[in-house]
Amino acid sequence: MTNIRIGSACLWGVEALPIQVEVASSGGLPGFSIVGLPGAGVMDARSRVRCALKACGFKMPRLHFTINLAPAEIRKNGTGFDLPIAIAILALSGQIPTDGLERCLFVGELGLSGEVCETRGTVAYQVLCRKIGATFVCSHESAVLRMDGCGLSVIRSLNELREGVGRLDRPRGEPSRPAVPDHSLDFADVYGQEEAKRALVIAAAGSHGLLMVGPPGAGKTMLARRLPTIMEPLTDEELEEVLLVSSVAGQLSRATLARARPFRAPHHSISRGGLIGGGRPVTPGEISLAHRGVLFLDELPEFSTSVLQSLRQPMEDGVVQLVRVDGTYRFPCEFQLIAASNPCPCGYLGDPSHGCSCSPARIQCYQSRIGGPLMDRIDIHVGVQRPQSDLVIEGAAGMDSKTMRALVMGARELRLRRERREGRPDDALVESLLFKPEARSCLEGLSSRMALGARSIVKMAQVARTIADVEQSERVGRVHVLEASSYRNRMGGDGIDG
C-alpha cells in the first residue's frame, strides 16, 4: 500500500467541514510535504508527529510522505490534523491495523511524548459526525456531549492504536444537566429599585434591549448580572447552539452544560474584532458568545464609537457576517442587549443630592457617543437613582428573582398560547399585536407628539404588547401603551427625565 485516506475536519465559522487527509509514500529524501493550503499550525505538525511516533516506540519510515488536505481550496488552520496524519503514516507503514479507520473522523493535537490533547470545536465535529454517520475520535480530555446519532471514541496516547481503533474507549459523553437556579444572585439583594426591576421583567419577557441610566452606586451592574436568574431555561435546540459557539471559541467546559443562559460583560476597552469576531483563525466575538443570552455593556458611552455602531446590523439580523479574503464566516448572535450608563461624565446629572460639574457641551458630547441609530434600537430606557440610605441599612427587600421569574414565565406562556391560536404576529405590523381601539388611538397620538419614526413606533408597540402579556391581558390597553411610552429615551439634553 502506497497511499491511504483518513477522515478529519476543520472549523469554518461555527461549522466543521469534512477534510480528507490523503497520505502517499515515495522514495527520495525522508521527510514530509504538506499541501492543500495548510496554515502555520498545520505545518508544525511535521515536528510534533515525528517526535510523538518516536516517543511511543513506533518507527518513522525512511520515506518521503506527501500529505494532501482535500479539498485543497479551503485554508486549514489549527492543530487538529496531528492525529489523522500520524494514524495515516502508521497505517500506511503497517504498524497499526486498518480495520474501522474508514468509519472514523479523527481530530486531535499530539504532544511530543505521544499523548493526544484536546482542540477547540469538539461540538462542531460531533454535529458533523452525526450528519455524515461517522464515529468521532478525539482526546479523552475533550468536553464532548452525549449526542444521539454520533458515535464517540476517545484516545489518550498513540500507544492505544496498536490493537486498532475498535479497542478504544467509547464513553457516552457528558449529558446536559437540568437548569439549576443560581441562588448566589437574587434580585432580593437589590434594594429600592422596583421600577428598574419592573423594566427588567418586561425586557426578559419580550427579549427587549434595555438601557439603565443613573449615577454611580445606583446598582445598575447588580441589576444586570441578575437578569439570567429570571430568564427561561435554554431549550435543547438552543443549548446545542450555545455549546456549539462556546466550543468553537475554545471556551466549552462542563459547567457550560447547565441550561442557564450565557452572560457576557466585556470591558469598554474591547476592540471591534473582540466584540463581533475576527482574528486569524476567525473566531466568534463577545456578541456570539452571548448568543441566546445577555450581552451587558457597562459604561456604554466609554466604548469606542466604531465598536458600538458595529452592533447595529447584528442586532437586527441575529447573525454577524465577516467577509475575509478566503471567504465569508457567519456566526449566530441573537443576544439581549443590556447596557448601563451615567447621565454625564461626572455621573451626577439629575441627582438631587449631588451637583453636576459638567458643562452642557460636555454632557452633549458624552451622550452623543452612543449614537442615535443604536439608541433607537434599544427598546426600553429606565432611570436608576441611588436607593435611600434607610432602605439599604434596614435591608428592605422588594421583588425577588422567584417572583420576577414567575411573571416572565407567565407572560411567555400567554404569548405562546396566543401564537398557537392567532399565529405568529408580523413584527412590522402593529395591528397584528391585538390593540384595543383606545390603545391604538393613544399610540397614534403619542407617536405624533414624540415625532417617532417607523422603527420606534413598532418597538413601542411591541413593548406595550409585552407589558400586556406580563399583566396577563389578551389585548393591549391604553395603560399598557402609556407605560411603554415612559420607557422611551432617557438620555437627552436634560439627562434623566424621571
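**Notes on the predicted model**

1. Let's start with how the chain folds back on itself. In this predicted model, residues 24 or more positions apart account for 74% of the contacts in the protein that have a separation of 6 or more. Two residue pairs discussed below, one at Leu17 and one at Leu244, give you examples to look at in the viewer: Leu17 with Tyr125, and Leu244 with Glu15.

2. Now the overall picture. The protein holds 18 helices and 18 strands, and its C-alpha trace spans about 85 × 50 × 45 Å along the principal axes. Of its 498 residues, 50% are buried. The exposed area comes to about 22000 Å², and carbon and sulfur atoms supply 50% of that area.

3. A word on charge. The protein carries 58 positive and 55 negative charges. If you average the positions of each set, the two mean positions turn out to be 4 Å apart.

4. Leu17 is a good place to zoom in. You will find Leu17 in strand 2, which runs over residues 15–26. Which residues does Leu17 touch, once neighbours within four places in sequence are set aside? The list is Ser8, Ala9, Cys10, Trp12, Ile74 and Leu128. Tyr125 is also worth displaying here: its C-alpha is 8.3 Å from that of Leu17, although 108 residues separate the two in sequence.

5. Leu244 makes a nice companion view. Leu244 sits in helix 7, residues 236–248. Is Leu244 buried or exposed? Its relative accessibility is 17%, and because buried means under 20%, Leu244 counts as buried. Beyond its neighbours within four places in sequence, Leu244 is in contact with Val14, Val123 and Ala124. The C-alpha atoms of Leu244 and Glu15 are 8.6 Å apart, with the two positions 229 residues apart in sequence. Glu15 belongs to the stretch 15–26 that forms strand 2, where Leu17 is also placed.

6. Next, an open sheet. Five strands pair in parallel fashion in the order 11-14-17-10-18. Its edges are strand 11 (263–264) and strand 18 (380–383), each of which pairs on one side only. Inside that order, strand 14 and strand 17 (residues 336–341) are joined in the parallel sense over 4 bridges. To find the register by eye, look for Val294 of the 294–297 strand, which stands opposite Gln336 in strand 17.

7. Another parallel pair deserves a look: strand 8 (residues 135–139) and strand 9, linked over 5 bridges. Here Cys138 stands opposite Val154 in strand 9. Strand 9 covers residues 151–155, and 4 of its 5 residues are buried, so strand 9 is largely enclosed by the rest of the structure.

8. Please check two peptide bonds. Where are the cis bonds placed? The bond joining Ala70 and Pro71 is cis, with omega about 0°, and Pro71 lies in the loop between strand 4 (64–70) and helix 3 (82–92). The bond from Arg280 to Pro281 is cis as well, with omega near 5°. Pro281 is in the loop that connects strand 12 (277–278) with strand 13 (283–284).

9. Two backbone angles also merit attention. Leu37 is not a glycine, yet its phi is positive, about 55°. Leu37 falls in the loop between strand 3 (31–35) and helix 1 (40–43), and at 36% relative accessibility it counts as partly exposed. Arg292, likewise a residue other than glycine, has a positive phi near 65°. The loop that holds Arg292 runs between helix 9 (286–289) and strand 14 (294–297), and that strand is part of the open sheet of point 6.

10. Finally, a polar site around Glu483. Glu483 is placed in helix 18, residues 478–485. What does the side chain of Glu483 pair with? One partner is the side chain of Arg198, in a polar contact of 2.9 Å. Another is the side chain of Tyr487, at 3.0 Å. Setting aside residues up to four places away in sequence, Glu483 touches Arg198, Ile202 and Ile467. Arg198 therefore turns up in both views, as a polar partner and as a contact.

Conventions:
Residues numbered from 1 in each chain as written. Predicted model: local features only at pLDDT ≥ 70, side-chain atom pairs only at ≥ 80, totals over all residues. Heavy atoms only, no water. Buried < 20%, exposed > 50% of the residue type's maximum accessible area, 1.4 Å probe, protein only. Contact = heavy atoms within 4.5 Å. Areas by Shrake-Rupley, 256 points an atom, 1.4 Å probe, with all protein chains shown as cover. Lys, Arg positive; Asp, Glu negative; His and termini not counted. Charge placed at Lys NZ, Arg CZ, Asp CG, Glu CD. Polar contact = N/O pair within 3.5 Å; in protein donor to acceptor, adjacent residues only side chain to side chain. Pairing = 2+ DSSP bridges.
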